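The following exercises concern the contact between two chains and a sheet that draws strands from both. Each task is followed by a solution in steps.

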Amino acid sequence: MGKKLRIGGWFGDILRVSRKEFYLSFHDVGVIVFFVVLAFAYPVLYALIYNPEVARDVKVVVVDDDRSELSRNFVRSVDATSEANVIGYAANMEEARKAVNEKECYGIIYFPDGFSAEVERGQQGDVVLYTDMSLLMRYKQLLTAMTNVQQTYCSHIMLEKLPAMAGSGGAIIESREVPIGNTGRGIASAVLPAVLILVLQQSMLLGICMLRGGSRERRLRNGGRDPHDVGAAVGSTILGKTITYLIIYLIPSIYVLFIVPIMFSYPQNGNPIEILVFLFPFMLCASFMGQSLQVFVNERESTFLVLVFTSVIFIFLSGISWPRYAMGGLWHSVGNAIPSTWAANGYILMMTDGATLVKVQHHYFMLWGLAAAYFIIAYCVERFICRPRYKRMEYYDAKDPGSLLREEARRNGLD
Amino acid sequence: MISEYVKETVKRGLVSLVRRRIYFIMMVVVPLLGAFFFLELIKSGSVEQAPVGLVDLDNTALSRNLSRHLAAMQQVDVIQQYASFDEARQAVQRGEILGFFFIPANLSDNALGGHHPTLSYYVNYAYYAPASMQYKGFKTITVLANGGIATNVMQTLGATGEQISATLQPIAVHTHPIANPWLNYSYYLNASFIPTFFALIILLVTAFTIGIELKYGTCKQWVERAGGSMGLALTSKLAPQTAIFVVVGWTIQWMMYRVYGLPLNCSPWVMLTAMVLFVLANQAFAHTLISLVPNFRYGTTLCSLVAVISFSLCAFSLPLEAEYPWLASLSYIIPSRYYFLISMDQALNGIHPYYSRWYFAALLGFTVLPWSLMWKLKKECLNPVYVP
């Protein structure tokens with residue numbers, strides 16, 4: 001009987017904490033901005049920036065010392081590609097360089113004297129492409145345009161010379177590239193899934209830390225006590241809050257994970273139920289991680305200072321722009337400890353490459369492991385750092401009422 | 001009298017810097033660690049050795065020769081050979097490999113019989129940078145395969161080496177990537193992300209410094225101590241931070257250009273000056289944003305949003321002209337964009353500073369911006385209302 005009552009008490013604590021956390025979350029505009037508005041607006045804003053996916057018509061200037069029919073036709077073909085746009089001819093390299101420096105164009109195509117004569121003699125004719133390297137994508141586009149035109153001309157010339165050898169386009173063995181997963185090869189479709197996962201994690205961290213900042217401010221004004229504190233044990237507090245966050249996040253996460261990809265037609269090859277099951281430990285991780293990091297936040301607004309920059313670091317650690325296999329051991333291990341790394345890669349494999357839950361079991365188990373680890377950290381932080389701090393605050397306030405606020409003012413540079 | 005006011009407010013700025021640990025951590029530790037993170041992460045500058053698989057259903061001398069070539073490629077690292085297409089496909093789904101090369105059955109027979117067999121390579125474009133690396137590697141192998149067979153055929157016809165290459169490729173394109181012939185990825189990523197990361201910190205710290213006065217209602221005293229001049233109150237409270245940020249910024253530049261050897265093809269003074277302007281521009285930009293919405297949380301939210309979005313908005317990967325015009329226009333009001341353009345013109349390309357004149361002017365322009373909104377911030381400071 002007694003045992004049953006204790007379990008009831010423990011369970012009751014969780015429910016009370018959870019209910020209170022709902023109340024606090026929905027009565028704090030700042031927290032709602034993080035939990036809901038951020039999750040709804042940010043992916044759309046981000047997707048819009050990357051929606052054009054590639055650069056078209058990169059401007060390029062021509063220096064033609066050959067002045068032949070072949071070179072003129074070659075230039076016209078380059079201009080006709082979707083990647084490049086020939087803005088005109090320059091008299092010499094000097095003039096062309098100046099145009100690049102003034103950002104009138106980003107590349108120079110140069111035909112040396114004797115280019116067409118070489119080709120006619122059956123020797124190799126050389127075209128030179130100079131590109132500005134301030135953006136990799138412009139270089140790539142110009143190179144693609146040049147290579148495509150070159151290959152067309154090559155097979156034409158080859159066909160004339162060696163009709164026996166040229167099957168289709170002159171190849172004996174043909175080759176084809178088959179893009180898998182992200183079949184459109186779009187940069188947005190590649191990067192956005194990871195950003196979506198990051199949005200879920202970071203918005204939750206921000207919201208949790210802001211709630212904690214609010215609680216500490218209430219303690220400052222109330223002699224070290226938070227009037228909204230339910231007084232539950234450490235474990236029940238952490239679990240109760242987690243239940244609340246998970247419920248609040250149900251709709252935002254369905255929107256972020258499934259609706260945003262529909263809106264911008266990103267690959268959707270995963271089973272939604274399996275993806276939700278996969279991400280359940282991830283959401284637990286985010287909640288426990290937030291409750292661990294809250295120790296660094298002393299007022300609502302320092303949340304921004306402490307957490308915003310981590311988004312940039314975490315997105316890199318996930319390996320979406322710089323692959324994880326190319327990272328050194330140190331950053332690889334740090335990445336292993338961040339929930340978004342496993343969640344983002346698993347979500348990409350499921351959503352883009354159509355993996356089932358079983359295929360990403362390694363990621364899944366890592367997420368459960370991290371959830372356990374972060375729960376322990378959150379427990380220790382609350383039990384051994386935060387609660388003794390509250391006790392000290394109460395003690396100082398009892399000794400000298402108002403000292404907490406005065407100390408806060410002093411720390412901000414006032415005497 | 002004025003010197004008295006300046007002394008008062010500078011002291012106020014300094015004291016808060018010393019008494020709160022968060023300033024030291026955010027102004028010194030985080031920017032330097034962040035720079036170290038990016039520099040160290042992308043040290044190698046290329047994403048070579050993408051883990052890939054191989055499916056060889058032909059298993060002849062020709063296919064084994066291709067596999068050997070593949071194994072020797074820089075771009076890819078063949079970590080596993082699979083018995084079937086399905087096995088390889090599943091390894092991709094498990095995330096073990098990022099793509100695979102598929103050699104069909106009877107490749108050799110079909111090739112020699114003139115049936116034009118097809119070599120396929122499957123590339124997982126969910127990971128963008130390694131995908132283009134794989135494309136390059138796989139494509140080279142297929143070209144080699146053709147070249148090998150063609151050379152054999154032509155040699156039997158009695159052609160010389162030069163004739164062969166001229167026949168196979170009558171027109172050759174030579175590429176000269178100006179100032180970065182190695183296509184080093186680190187040159188872009190670090191030149192754009194590190195300053196933008198630093199800008200994020202400057203924006204947030206500045207917003208925090210102003211906002212905290214608003215929050216605790218101490219701003220009235222702050223303005224009064226400066227003799228009622230908002231401009232004086234701001235400049236002298238933020239001056240110590242400017243000094244710290246400039247020194248940190250210079251340290252970051254030293255790490256970039258000296259320790260990690262990023263190209264510095266201009267006089268160091270140009271970039272050092274650019275850093276001073278960059279710090280000032282960002283502080284002024286934060287002023288402007290918080291003056292627009294004179295409230296701690298709104299101001300900081302706005303600063304965070306602008307700072308984070310500028311990583312994508314400032315066109316470090318997708319060129320500005322490719323973005324939607326209404327979004328692209330936003331990037332003109334972000335200091336990081338101009339610093340990036342300066343560093344490309346000066347540090348990377350080493351062209352005359354004349355060509356970067358507008359970018360320097362723009363950074364200077366940011367420092368003028370907040371003065372037009374000073375009255376708004378002053379009004380709020382004299383009657384602070386804290387909105388949680």
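Two residues are taken to be in contact if their C-beta atoms, placed from the backbone, lie within 7 Å. The model is predicted.

**Exercise 1.** Determine how many residues each chain brings to the contact, and characterise the side of chain A that touches chain B.

*Solution.*
Step 1. Under this criterion, the contact takes 95 residues from chain A and 93 residues from chain B.
Step 2. Several elements of chain A each supply at least two residues of the side that touches chain B, among them α2 (29-50), β5 (174-180) and α7 (187-221).
Step 3. With 13 residues, α6(A) gives the most to this side.
Step 4. Sorted by class, the side of chain A that touches chain B comprises 54 nonpolar, 24 polar and 17 charged residues.

**Exercise 2.** Establish the strand order of the open sheet, and explain why β5 of chain A and β2 of chain B each have one side without a neighbour.

*Solution.*
Step 1. β5(A) pairs with β4 (residues 118-124) of chain B in the parallel sense over 7 bridges; here E177(A) has Y121(B) as its bridge partner.
Step 2. Within chain B, β1 (residues 50-56) and β3 (residues 99-103) are parallel over 4 bridges, and D56(B) stands opposite I103(B).
Step 3. The order of the 5 strands is β5(A)-β4(B)-β3(B)-β1(B)-β2(B), with mixed pairing.
Step 4. β5 of chain A and β2 (76-82) of chain B stand at the edges with a single partner strand each, so one side of each lacks a neighbour in the sheet.
Step 5. From one strand to the next, the twist averages 25°.

**Exercise 3.** Identify the strands that helix α6 of chain B lies across.

*Solution.*
Step 1. Helix α6 (residues 128-156) of chain B lies across β5 of chain A together with β1, β2, β3 and β4 of chain B.
Step 2. This helix runs at about 170° to β4(B).

Conventions
Residues numbered from 1 in each chain as written. Chains lettered and ligands numbered in written order. Predicted model: local features only at pLDDT ≥ 70, side-chain atom pairs only at ≥ 80, totals over all residues. Nonpolar A, V, L, I, M, F, W, Y, C, P; charged D, E, K, R; others polar. Pairing = 2+ DSSP bridges. Axes fitted to C-alpha atoms, helices over the stretch in contact; angles between N-to-C directions.
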